[in-house]
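Welcome to this guided tour! Open your viewer, get ready to select residues by chain and number, and follow along stop by stop.

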Amino acid sequence: MSEGMIVCVAVVGHQNNPLYIQSFTKGDDSLKLHHIVHCSLDVVDERANNPKKSGLITNETFLGLLNPTENYKVYGYLTNTKVKFILVSTDLEVRDVDARVFFGRFHTAYIDAVSNPFHIPGKKITSRKFAERVSTMVKSFGLSSGG
Amino acid sequence: MPGKLKSKWIGPYTIVGIRTNGAVEIQGSAPNFVPFLVNGHRVKVYRDNSELTEVTIDSTSKLNEDLLQVSLSAFAFLFSELVQYNQIQVDNIAELERRLEDAGYAVGARVLELLCHREKGNRRETRLLGILSFIHSTVWKVLFGKVADSLEKGTEHEDEYMISEKELLVNRFISIPKDMGAFNCGAFVAGIVRGVLDNAGFPAVVTAHFVPVDGHHRPRTTILIKFAEEVLQREARLG
């Protein structure tokens with residue numbers, strides 16, 4: 001069974017402006033990951049704005065698997081303020097349930113970061129605590145789904 | 001009542017001072033004149049018809065586990081400081097209202113994110129009535145401890161809705177001097193509502209007004225919400 005590895009997480013604002021993007025690979029392919037995140041934003045927009053065509057429930061937060069490319073699985077999550085969370089993983093056996101749980105915790109960390117009165121909404125999240133929490137969550141995600 | 005049915009609260013006491021760390025100085029009625037300090041979490045507001053802020057102490061000193069609550073007196077103190085701080089920086093009432101509203105807007109944006117995550121259903125509201133009833137019940141309950149008194153649709157204009165409150169919490173300890181006329185500290189709450197609506201995708205202009213009520217000498221506060229054109233068009237499209 002392959003190791004569950006999250007390679008990238010991103011938070012994108014409602015005008016598709018990046019608020020937080022962090023890659024967890026050792027290699028230098030962060031640009032490629034940014035590109036993947038950017039492409040998946042289109043899928044998110046399509047799911048959010050055209051519910052009738054794709055037949056999904058309109059206001060669920062977890063959007064599920066967005067587009068399975070050759071090596072990566074991309075999951076999306078839409079909060080009620082139209083802020084999007086994108087998760088890119090190399091593990092081909094990541095289950096939906098794990099991704100949902102991860103996004104739940106990620107949402108909590110995001111809310112804590114945004115509740116900071118010194119954080120300006122619309123600007124990048126610069127909190128170190130948020131970055132640390134995200135790193136911890138990413139590490140524990142790998143362990144729980146690999147076992 | 002004896003035993004376990006006995007009320008765990010003693011009081012009422014009168015607040016004579018507030019400390020910055022959340023402790024309150026309270027004093028019983030005569031003959032004990034010496035005020036003593038108590039943790040702000042252990043007191044709750046005593047509601048009767050008098051104007052003073054009276055509190056009762058929880059003698060079992062059990063903290064409220066699930067939701068952290070801010071003591072009313074600490075909030076009233078902070079809010080009055082906020083208003084005074086802005087007051088010395090501006091020359092006119094309109095500017096003061098705008099500043100309070102901006103402060104409220106920041107709160108509203110964060111409250112929306114937080115509440116939707118806490119709610120079990122966690123669905124994004126896309127309908128106008130949905131978001132309005134969310135504000136009227138959930139937001140009001142979390143911020144002020146009760147649902148708003150009423151939610152009405154305006155009769156003259158299609159795009160106006162009103163949330164009314166007999167005694168807005170932020171206005172409770174504030175009296176407006178006569179020369180400030182129509183100024184309403186509810187502008188802070190109007191800002192909160194606007195923050196929630198704007199970030200949920202329903203842009204609107206929100207203002208707070210005093211509405212005199214027959215039979216009561218204190219006027220009711222109404223939050224007037226006027227939605228932007230695009231919201232009504234979208235609502236009509238959704239059917």
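Which kind of contact do the side chains of Lys146(B) and Glu165(B) make? Select both residues and look at the ends of their side chains: they meet in a salt bridge, with 2.2 Å from N to O. Keep in mind throughout the tour that this is a predicted model.

**Stop 1: the two ends of that salt bridge**

Color chain B by secondary structure. Lys146(B) sits in the loop between helix H3 (128–144) and strand E6 (150–153), while Glu165(B) belongs to strand E7 (residues 160–165), so the pair ties together parts that are 19 residues apart in sequence. Now show the surface. Lys146(B) has 35% relative accessibility, so it counts as partly exposed. Glu165(B) has 4% and therefore counts as buried.

**Stop 2: a network in chain B**

Next, select Glu101(B) and Arg194(B). Their side chains form another salt bridge, 2.7 Å from N to O. This pair links distant parts of the chain: Glu101(B) is in helix H2 (residues 93–118) and Arg194(B) is in helix H4 (residues 187–199), 93 residues apart. Is Glu101(B) buried or exposed? With 17% relative accessibility, Glu101(B) counts as buried, because the cut-off for buried is under 20%. Arg194(B), at 21%, is partly exposed.

Add Glu95(B), Arg98(B) and Asp102(B) to your selection: together with Glu101(B) and Arg194(B), they are joined into one network by salt bridges that share partners.

**Stop 3: chain B as a whole**

Zoom out and display chain B as a cartoon. How many helices and strands are there in chain B? You should find 5 helices and 9 strands. Trace them along the sequence and you get the pattern β-β-β-β-β-α-α-α-β-β-α-β-β-α. Of the 239 residues in this chain, 37% count as buried.

**Stop 4: a nonpolar patch on the surface**

Stay with chain B and select Ile18(B), Phe77(B) and Leu78(B). These residues form a nonpolar patch on the surface, and their accessible area together is about 270 Å². Phe77(B) is in helix H1 (residues 72–87) of chain B. Its relative accessible area is 39%, so Phe77(B) is partly exposed.

**Stop 5: from chain A to chain B**

Now select His107(A), which you will find in helix H3 (residues 96–114) of chain A. Its relative accessibility is 0%, so His107(A) counts as buried. What does the side chain of His107(A) make a polar contact with? Show Glu113(B) as sticks: the two side chains make this contact at 3.1 Å.

**Stop 6: a salt bridge between helices of chain A**

A search of the whole structure finds 12 salt bridges over all chains. For one of them, select Arg133(A) and Asp112(A), where the closest N and O atoms are 2.8 Å apart. Arg133(A) is in helix H4 (residues 128–146) and Asp112(A) is in helix H3 of chain A, so to speak two distant parts of the chain, 21 residues apart. Arg133(A) is partly exposed at 36% relative accessibility, and Asp112(A) is partly exposed at 42%.

**Stop 7: the enclosed strands of chain A**

Select strand E4 (residues 73–78) of chain A. Why is E4(A) described as largely enclosed by the rest of the structure? Because 6 of its 6 residues are buried. Both faces are covered, with Lys73(A), Tyr75(A) and Tyr77(A) on one side and Val74(A), Gly76(A) and Leu78(A) on the other.

Add strand E5 (residues 84–89): it runs antiparallel to E4(A), and 6 bridges join the two. Look across from Gly76(A) and you will see Ile86(A) in E5(A). The hairpin of these strands has 5 residues between them, and Lys82(A) takes a positive phi near 65°.

Strand E1 (residues 6–12) of chain A also has 7 of 7 residues buried, so it is largely enclosed too. E1(A) is joined to E5(A) by 6 antiparallel bridges, and Ile6(A) has Ser89(A) as its bridge partner there. E1(A) also pairs with strand E2 (residues 18–23) in the antiparallel sense, over 5 bridges. In that pairing, Ala10(A) stands opposite Ile21(A).

Key
Residues numbered from 1 in each chain as written. Chains lettered and ligands numbered in written order. Predicted model: local features only at pLDDT ≥ 70, side-chain atom pairs only at ≥ 80, totals over all residues. Heavy atoms only, no water. Buried < 20%, exposed > 50% of the residue type's maximum accessible area, 1.4 Å probe, protein only. Helix = DSSP H or I, 4+ residues; strand = E, 2+ residues; numbered from the N terminus. Pairing = 2+ DSSP bridges. Polar contact = N/O pair within 3.5 Å; in protein donor to acceptor, adjacent residues only side chain to side chain. Patch = residues over 30% accessible without salt bridge, like charges linked within 9 Å, V, L, I, M, F, W, Y side chains within 5 Å. Areas by Shrake-Rupley, 256 points an atom, 1.4 Å probe, with all protein chains shown as cover. Salt bridge = Lys/Arg side-chain N within 4 Å of Asp/Glu carboxyl O.
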